[in-house]
Amino acid sequence: MGVRIIGIGSYVPENVVTNFDLEKFLDTSDEWIRTRTGIVERRIAPPEMATSDLATEAAKMALKDAGVTPEELDMIIVGTASPDMFYPATACLVQKNLGIKGKPCFDMEAACPGFIYGLEVARGLLHLPNYKKILVIGAENLTKFMDPEDRATYVLFGDGAGAAVLTMDDTPYGIITSHLGGDGNLGDLLYLPAGGSRMPASRETVEKRLHYTVMKGREVFKYAVLNMQKAALKVLEQAELKKEDITWLVPHQANVRIIDATREKLGLPPEKVYINIDKYGNTSAASIPIALTEMKQKGLLKKGDLVLTVSFGAGFTWGANIIRWG
Ligand code: ACO
């Protein structure tokens, strides 16, 4: 018996913002962004569109793909670092939008690896008798938490959501194993200072722009490379697989240079890595399910393919799954 993804879906807002658009109000250039990050454009949600709206659209697509009705779900988990609000959980709002009630729903804040963490939590819970079908969503509206006057962060992020329906069955397909990790000692390299209990929102926090993300990019880059490489190797070891066994590396899309370094460590050729950061920027917890959905739509994922997902984000947190697709 294994836990399998039986449906997948994604949603990105329609509004495309190119690097050239950013040049109009930031001291930056298409050339800088493209060469340092690989990003060409990103989707930015309009002011009235919150994370639950993106998540709901992705969820509907995943449910349709799975042939599962919302009523059949036993739980909704949303991995997000940019919830609609502190409470209720974005997962509760998604449940309401799907027109159901009574099911457990909660958010999981694990930053960029939120979807990978979500898959692992769902995998554990699906071994219990109470849960037969769980919806796991990675959804972010992080552009609202980036300072539009800070070129070092604003150019990097985009909005979007991806979702998967999971169940346990006796096919040979599904999540083989996962590796999760974290290190809170490095939390001050990437954080959102104000608005929580440490520094409640006030006129002063807004005037000092402390309601926006602070990131020491160069340091984060270093740890991202190190931990994505380590997580990918660890999960392979756990699965007792060799690097060459992997059909697809589907990494978190934070920076094409981080992706290249991870791929090189695994000794994989470029054609085994899925990259779409050029179109969406860093969509944090949404990046992996958006990539998987696109790959499925393009017919790139074949039954039996071995897919290695790996991610790293604020916390720091990191994680990787190995999935036998099907
Ligand atoms: N346009 C032009 N110049 C810029 C921009 C910009 N948008 N941003 C920064 N610069 C400048 C800097 O000010 C600096 O100038 P200086 O040398 O005069 O001081 C110069 O470019 C180089 O800056 P670096 O930070 O050294 O540039 P680097 O090559 O490291 O690239 C980047 C920066 C893209 C942010 C990179 O460090 C990175 O990708 N870091 C990781 C980010 C990440 O992965 N986050 C993941 C987690 S996200 C989450 O969990 C929510």
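Start at Pro 88, in the loop between strand E4 (75–79) and helix H4 (90–97). Select Tyr 87 along with Pro 88: a cis peptide bond joins the two, with omega at about 0°. Keep in mind throughout that this is a predicted model.

Next, go to Phe 316. This residue sits in the loop between E12 and strand E13 (317–324). Show the backbone of Gly 315 and Phe 316. Here is another cis peptide bond, with omega of about -10°.

Now select Ala 111, in the loop between E5 and helix H5 (114–125). Check its phi: the value is positive, about 55°, although Ala 111 is not a glycine. Most residues other than glycine have a negative phi, and most peptide bonds are trans.

**The five-stranded sheet**

Colour the strands E1, E7, E6, E4 and E5. In that order they form an open sheet of 5 strands, and the pairing is mixed. Which strands lie at the edges? Select strand E1 (2–11) and strand E5 (105–108); each of these pairs on one side only. Look across the sheet for its twist, which averages 20° from one strand to the next.

Zoom in on E1 and strand E7 (residues 160–169). The two run antiparallel and are joined by 9 bridges. For one pair to label, pick Ile 8, whose bridge partner in E7 is Ala 164.

**The four-stranded sheet**

Move to the strands E8, E13, E12 and E11. These 4 strands, in that order, make an open sheet, again with mixed pairing. Its edge strands are strand E8 (174–182) and strand E11 (248–251), each pairing on one side only. On average, neighbouring strands of this sheet are turned by 15° against each other, direction ignored.

Isolate E11 and strand E12 (residues 306–313). They pair in the parallel sense, over 4 bridges. Label Leu 249 and find its bridge partner in E12, Leu 308.

**The ligand**

Now show the ligand and its shell. How many residues surround it? There are 24, and the closest are Thr 28, Arg 36, Arg 218, Asn 255 and Ala 314. By class, the shell divides into 13 nonpolar, 6 polar and 5 charged residues.

Step through three side chains:

- Thr 28: a polar side-chain atom lies 2.6 Å from a nitrogen atom of the ligand.
- Arg 257: a polar side-chain atom lies 3.2 Å from an oxygen atom of the ligand.
- Trp 32: an N or O atom in the side chain is 3.4 Å from an oxygen atom of the ligand.

Switch to a surface view. Taken alone, the ligand exposes 1,000 Å², and the protein buries 77% of that.

Return to cartoon and pick out the elements around the ligand. Those giving two or more residues to the shell are helix H2 (30–37), helix H6 (151–154), helix H8 (217–239) and helix H9 (256–266). Which element gives the largest share? That is H8, with 4 residues.

Finish by colouring the domains: domain 1 as 2–171, domain 2 as 176–183 + 217–324. Why does the ligand lie between them? Domain 1 and domain 2 both give residues to the shell, so the ligand lies between the two.

How values were computed: Residues numbered from 1 in each chain as written. Predicted model: local features only at pLDDT ≥ 70, side-chain atom pairs only at ≥ 80, totals over all residues. Heavy atoms only, no water. Near = heavy atom within 4 Å. Polar contact = N/O pair within 3.5 Å; in protein donor to acceptor, adjacent residues only side chain to side chain. Areas by Shrake-Rupley, 256 points an atom, 1.4 Å probe, with all protein chains shown as cover. Nonpolar A, V, L, I, M, F, W, Y, C, P; charged D, E, K, R; others polar. Domains from an automatic or database assignment. Pairing = 2+ DSSP bridges. Axes fitted to C-alpha atoms, helices over the stretch in contact; angles between N-to-C directions.
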